Amino acid sequence: MTDDSSSTGIPHGLPLERDAGPFDPPSRITRLRSVRPVSPLAFPDGHEGWLVTGYDAVRQVLADTRFSSRQDLGVVHVPYETPGMPVATEPSPQVPGLFITMDPPDHGRLRRRLTGAFTVKRMKQLEQHIVDVVERQLDEMARLAPPVDLVEVFALPVPSLVICELLGVPYADRAGFQADSAKFLVKDQSLDEKMAAFGALTGYLAGLVVDKRAEPGDDLLSDLARQDDLTVEELTGIAFLLLLAGHETTANMLALGTFALLENPGQAAALRAEPDLVPGAVEELMRYLSVADIFYRYATEDVEVGGETIRQGSTVVVSLLAANRDPLRFGEPDALDVRRNARGQLSFGHGVHQCLGQQLGRLEMRAGFAGLLRRFPTLALAVPAGEVPLKSDMNIYGVHALPVTWSE
C-alpha cells in the first residue's frame with residue numbers, strides 16, 4: 001500500500017467512496033483485495049481489526065458462527081471518520097426482535113417464526129400479485145408527462161406497496177415511515193439523530209403491533225401478534241427490520257439497476273430481446289451493484305481465515321461489494337453482463353443471516369425490470385449521468401433521484 005497505509009502496511013480507515021464510477025468499488029479496497037484479501041485494518045482510535053475483501057474469505061466469515069453478529073460484544077470501532085460520530089462506542093444493548101444482530105440460538109428462535117411466510121412456495125403464490133402491483137405503477141407512470149423521477153414514481157412505490165400489504169402496514173402512512181427510514185440510514189449524523197429516527201419509526205410500529213394484538217387481521221404482523229410468547233418489544237423489532245429491509249433495499253436496486261442498464265444500453269437491449277434473461281440479470285445486477293456493502297462481525301475465538309489468524313475479540317469488517325467483484329470468482333468482474341451466471345453472488349448475504357426476504361426481492365426486481373423495459377422501450381436519462389445524485393451519504397447505496405424521459 002502507498003498513501004493508504006502506515007509504515008507497517010496496515011491501511012488506516014475504511015474508504016467507502018465509489019471513486020472509480022457510480023457502480024464500482026472504492027479503488028483502495030480493490031487494490032487491497034489483490035494484495036491481501038484478509039487485511040489488518042487500523043481504526044482511528046488505534047485499535048487494529050480486520051478488513052475482509054476476497055470472495056472466499058468473506059463467504060467463510062459469514063458462514064462461521066464464531067464470528068458474532070451481536071452488537072453488545074466488545075467495542076464497536078468505526079473504521080472511517082464520520083463527522084459527529086465517535087471513533088469507538090461502548091457495546092450497544094441488544095434490541096429485542098432485531099434478529100439480524102443476534103447469534104444462535106436467539107437468532108433462530110425469532111427467525112423460525114418467519115420462515116413459513118417467506119418460503120419459495122409462498123412467494124410463488126405472490127408472484128402474480130407483485131406483477132399486478134408493478135403494472136399498475138407503470139400505468140400511473142405512463143400517464144405522466146416526462147421527465148419524471150423514477151425513484152418517486154416507480155422504484156420506491158413498488159416494494160413499499162408490496163411490503164405494506166404483506167406486513168399489514170397502512171400504505172397511507174408511507175410518507176412517515178419512508179422519511180424515518182431514510183433518516184436512520186444517513187451515514188454522517190450524530191448518534192442522537194440516528195436514535196431519534198429509530199425511535200420515531202419503532203414508536204409508530206409499536207402502536208401498530210399493539211393494535212394488531214388487540215384486533216388481528218389477515219397479515220404477517222397479525223400472525224406474529226397472535227403468538228403470546230413474543231413480547232410487544234420483540235414484535236416491534238421484527239416489524240422494524242422487515243419494513244426497513246423490505247422497501248429500502250429493493251427500491252435502491254430498482255433505481256440503481258435501471259441507471260446501470262441505461263448506462264449499458266447493449267445489456268438493456270438484450271433483456272428486451274430475450275425476456276428469459278431477466279432472472280439471471282437480477283442476480284448479475286445484485287452482484288454488480290451490491291447496494292448493501294459493509295457488514296461487521298466480532299470474533300468470539302481465534303479463527304484462521306485466508307491464511308491469517310484473527311484473534312478473539314477482533315472487529316471484522318466484510319465488504320460484499322469487493323467480494324462480488326473478486327476476479328478469482330467472477331471473470332471480468334467490473335463488466336455488467338446479463339448473460340453471466342452470477343449464482344453465488346453474496347448480496348443477500350450467506351450463512352445463518354442470509355436475507356430472509358430474498359425470494360420476495362427477486363420477484364419484485366424480476367417483475368420491475370421486465371415491466372419497465374417492456375413498457376418504456378425508449379427510456380433514457382433526462383440528465384447527464386454525472387448529475388444523477390448518488391446515495392454516497394447513505395448506508396444503503398443507490399440514487400436519491402433518477403430523472404428519466406421517453407418518447408411518447
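In this predicted model, helix H8 (residues 191-214) buries Lys194, Ala197, Phe198, Leu201, Thr202, Leu205, Leu208, Val209 and Lys212. The cover over these buried residues includes helix H6 (157-167), helix H7 (174-184), helix H9 (220-225) and helix H10 (232-263). Beyond this helix, the briefing turns to the pairing around strand E10, to an open sheet of three strands, and to the salt bridges, which number 18 in total.

**Helix H8**

- With 24 residues at 1.5 Å a residue, helix H8 should span 34 Å, and this agrees with the 34 Å that separates its end C-alpha atoms.
- Two lysines, Lys194 and Lys212, are listed among the buried residues of H8, together with residues such as Phe198 and Leu201.

**Strand E10 and its partners**

- Strand E10, which covers residues 315-319, is mostly covered, since five of its five residues are buried.
- Thr315, Val317 and Ser319 point one way from E10, whereas Val316 and Val318 point the other way, and all of these residues are buried.
- In a regular strand, side chains alternate between the two faces of the sheet.
- Strand E2 (residues 48-52) runs parallel to E10 and is joined to it by three bridges, and within E2 and E10 the residues that stand opposite each other include Trp50 and Val316.
- Strand E7 (residues 294-299) pairs with E10 in the antiparallel sense over five bridges, and here Phe295 stands opposite Val318 of E10.

**The open sheet of three strands**

- The strands of this open sheet follow the order E6-E12-E11, and their pairing is antiparallel.
- Strand E6 (148-149) and strand E11 (380-381) stand at the edges with a single partner strand each, so one side of each is left without a neighbour in the sheet.
- E11 and strand E12 (residues 403-405) run antiparallel and are joined by two bridges, and Leu381 has Val404 of E12 as its bridge partner.

**Salt bridges between distant parts of the chain**

- Arg325 forms a salt bridge with Asp24, with the closest N and O atoms 3.0 Å apart.
- Because Arg325 lies in the loop between helix H13 (320-324) and helix H14 (358-375), while Asp24 lies in the segment before helix H1 (27-35), this pair ties together parts that are 301 residues apart in sequence.
- Both partners of this pair, Arg325 and Asp24, are buried.
- Glu135 forms a salt bridge with Arg375, and the closest N and O atoms of the two are 2.9 Å apart.
- The pair links distant parts of the chain, with Glu135 in helix H4 (residues 120-142) and Arg375 in helix H14, 240 residues apart.
- Arg375 is partly exposed, with a relative accessible area of 29%, and Arg375 also belongs to a network of salt bridges that links it with Glu135, Asp139 and Arg374.

**The pair Arg66 and Asp64**

- The side chains of Arg66 and Asp64 meet in a salt bridge, with a distance of 2.7 Å from N to O.
- Asp64 is buried at a relative accessible area of 14%, which falls under the 20% limit for buried residues.
- Arg66, by contrast, has a relative accessible area of 31% and is therefore partly exposed.

Terms used: Residues are numbered from 1 along each chain as its sequence is written. This is a predicted model: local features need pLDDT of at least 70, side-chain atom pairs count only at pLDDT 80 or more; totals for chains, interfaces and linings use all residues. Side-chain values use heavy atoms; hydrogens and water are left out. Two strands pair if DSSP finds at least two bridges between them. Helices (H or I, at least four residues) and strands (E, at least two) are DSSP runs, numbered from the N terminus. Buried means under 20% relative accessible area, exposed over 50%, partly exposed in between (1.4 Å probe, protein chains only). The expected span of a helix is 1.5 Å times one less than its number of residues. Contact means heavy atoms within 4.5 Å. A salt bridge is a side-chain nitrogen of Lys or Arg within 4 Å of a carboxyl oxygen of Asp or Glu.
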